[in-house]
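Reader: I should like to learn how one reads the features of a protein model. May we begin with its internal spaces?

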Amino acid sequence: MYKKINRYFQDNKLPKFRIKQLEEFVFKQFVSSFDEMTTFSKDLREQLNEKFSLFTLSLIETKKTKDTIKFVFKTEDNNYIESVLMLHDKRRTVCVSSQIFCTMGCKFCATGAKPFKRNLTVEEIVEQVLFISQYLKKKDERVSNIVYMGMGEPFMNYDNVIESIKIFNNRDKFDIGARHIVISTCGIIPRIKEFMNLNLQVRLAISLHAANDELRSSLMPINKQYPLKNLIKVCDQFTERTNKKVSYEYVLIRDVNDSEKDAKELVQLLKGKLVHVNLIVYNPHDFAKFGRPSQSVVSNFKNVLDRNRIECSIRRSMGDEISGACGQLAGKK
Ligand code: SAH
Ligand code: SF4
């Protein structure tokens, strides 16, 4: 909504510093209403209240566990989207949604199981972080990291996602360093190239989940269009160009991609490259019949990577109890 107000200020020839003040209120002080904009005259505040709502999203509910808080928002056209705040040590990471559901249809993902609605607007992406910043402000904390790993495929909403990154990164707005922002994609190669050419310093994560085309295509239909060889090639270029490791996410699904043979195949695919592998234990949900591998299967898989010096970690699954974990975001039921 902020853009419309900005335009209103310009149309009504309000002085430039009013726009600066408005930005201060929204992006630095994280106010939640026009009434908190105390340096604006009462008259101006009333006009704003009458003409605009400050946000397009409304916060519907929050669900907490020890280290995650899921925020459910309603859009102006009555859709529901979700964001997750993760607390680890000093970091305050927001997992943002970029679309209302997803067109990619990955077989293991709750977001992909629902019919796609639409892309989120720049405002809707940014407001997720604004609301969470307002929440953290009460504890004297602020958002430190952003990951585009909520609902949707960020590179299918490329322009809005890139514009939102610029707002997160902007010194006069959120001032979150590009290195603290991660875009996760299922592998839309032309967009990865475009993104690489922007030289933003933002980090790239690839949802891999299988190390051969047959298996990957059966789990992730996008692989038929952009097969592994081409995907890895463009990721190698990304590393060369930006000097940055690419993260590969690999969801371990019981009896599907979790065997020692699968681990060895993954080693062959990534050996000698500057990469980090994030192993994620599959999070069950109502939309797919897959299961979680046992702890020992997960350790065996990791051992194969360790022995072959592929840097990897097992991502702690956060937010499972509140359906806020990876791939469980499916809007409000
Ligand atoms: N569309 C983007 C970002 C959102 S998904 C992408 O696919 O990368 C964020 C991560 O959660 C992805 O790596 C995705 O593959 C993973 N994920 C999806 N469903 C999951 C599930 N049921 N359990 C664990 N991780 C899952
Ligand atoms: Fe979409 Fe990512 Fe889920 Fe695949 S894993 S369906 S790309 S959100």
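Author: Certainly; please note that this model is predicted. One begins with a space and asks which residues line it. Here the second largest cavity has a lining made up of F195, M196, N199, L200, Q201, V202, F238 and T242.

Reader: Which elements give two or more residues to the lining of the second largest cavity?

Author: They are the helices α7 (189-198) and α10 (228-242). By character, the lining of this cavity divides into 5 nonpolar residues, 3 polar residues and no charged ones.

Reader: What is the volume of the second largest cavity, and how many cavities of 30 Å³ or more does the structure hold?

Author: The volume of the second largest cavity is about 30 Å³. The structure holds 2 cavities of 30 Å³ or more.

Reader: How should I read the surroundings of a ligand, and which residues are around ligand 2?

Author: One lists the neighbours and then sorts them by character. Around ligand 2 are C102, M104, G105, C106, C109, G112, G152, E153 and C186. This shell comprises 5 nonpolar residues, 3 polar residues and 1 charged residue.

Reader: Finally, how does one read a pair of strands, and how many bridges join β1 to β2?

Author: In a regular strand, side chains alternate between the two faces of the sheet. In this structure, strand β1 (residues 58-64) and strand β2 (residues 68-74) run antiparallel and are joined by 6 bridges. A hairpin through 3 residues connects β1 to β2.

Reader: Which residue in β2 is the bridge partner of T62?

Author: The partner of T62 is F71.

Notes. Residues numbered from 1 in each chain as written. Chains lettered and ligands numbered in written order. Predicted model: local features only at pLDDT ≥ 70, side-chain atom pairs only at ≥ 80, totals over all residues. Heavy atoms only, no water. Near = heavy atom within 4 Å. Nonpolar A, V, L, I, M, F, W, Y, C, P; charged D, E, K, R; others polar. 1 Å grid on protein atoms, 1.4 Å probe; cavity = no way out; pocket = protein on both sides within 12 Å on 5 of 7 lines; lining within 4 Å. Points joined across faces, edges and corners; volume = space filled by probe spheres on them. Helix = DSSP H or I, 4+ residues; strand = E, 2+ residues; numbered from the N terminus. Pairing = 2+ DSSP bridges.
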